[in-house]
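Trainee: Got a minute to walk through a model with me? I'd like to talk about a few residues.

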Amino acid sequence: MSKFTVVEHPLIQHKLSILRRKEASTKEFRELVDEIGMLMAYEVSRELPLEDVTIETPVAQMTAKQLAGKKLAVVPILRAGIGMVDGILKLIPAARVGHIGMYRDEETMKPVEYMVKLPTDIADRQIFLVDPMLATGGSAALAVDVLKKRGASNIKFVCLVAAPEGVKALQEAHPDLDIYAASLDDHLNEQGYIVPGLGDAGDRLFGTK
């Protein structure tokens, strides 16, 4: 069953409060998304499996721990998801990166996939699917469909701000998916924006507002 987790670490909550402010510059916004992405990855990776390995320290031989099993892939939903990738890679530099491009059809208001570029062994990897916003849940659900069609089964969705409507829709579409957010906000407005939210994450990241 899908698990929804709000990551309440004080540093994440502090930085999210600065990120939300309308006076935050593009530079500040970009840096904060990067930093919060890294902190979120720290929490989301908490359950990664470990294995014993024998190593030599300068003093003695010992049995230590290292990551075991499935390797990681970070897959941003374009374009705003790109803002979270570098922070995660600082923490897990060996992770591979894929990309899923989506746009919203202006007439149907449904997400449309326009680009998919993934590591060839994506089915064997633990995947962090990242997007700063979980609004209606449509793009996230379609992105998970894209990954599952290519054999992926070990997927975690990581966002900064989520709307209850999006969480519900994503859980109904993919009941096996774990969802992590820095905040569960109040609702979606008539334009599909999260309230109180932080505006359009893509525009604020890339200075296109």
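Mentor: Sure, let's go through the annotated site and then one arginine.

Mentor: This is a predicted model, where local features need pLDDT of at least 70, side-chain atom pairs count only at pLDDT 80 or more, and totals for chains, interfaces and linings use all residues. Residues are numbered from 1 along each chain as its sequence is written, and side-chain values use heavy atoms, with hydrogens and water left out.

Trainee: Where does UniProt place the "binding site"?

Mentor: The unreviewed UniProt entry puts it at Ile194, Gly199, Asp200 and Ala201; such annotations may be inferred rather than shown by experiment.

Trainee: Is isoleucine 194 buried or exposed?

Mentor: Isoleucine 194 is buried, at 5% relative accessible area (buried means under 20%, exposed over 50%, partly exposed in between, with a 1.4 Å probe and protein chains only). Its contacts (heavy atoms within 4.5 Å), leaving aside neighbours within four places in sequence, include Met133, Val161 and His187.

Trainee: And how exposed is aspartate 200?

Mentor: Aspartate 200 is partly exposed, with a relative accessible area of 29%. Beyond its neighbours within four places in sequence, aspartate 200 is in contact with Arg79 and Tyr193.

Trainee: Changing topic, what about arginine 125: buried or exposed?

Mentor: Arginine 125 is buried, with a relative accessible area of 4%. Its side chain reaches the backbone oxygen of leucine 72 at 2.9 Å.

Trainee: Which backbone atom does the side chain of aspartate 200 reach?

Mentor: That side chain reaches the backbone nitrogen of glycine 202, at 3.0 Å.

Note on methods
A polar contact is a pair of N or O atoms within 3.5 Å; within protein, one must be able to donate a hydrogen and the other to accept it, and residues adjacent in sequence count only if both atoms are side-chain atoms.
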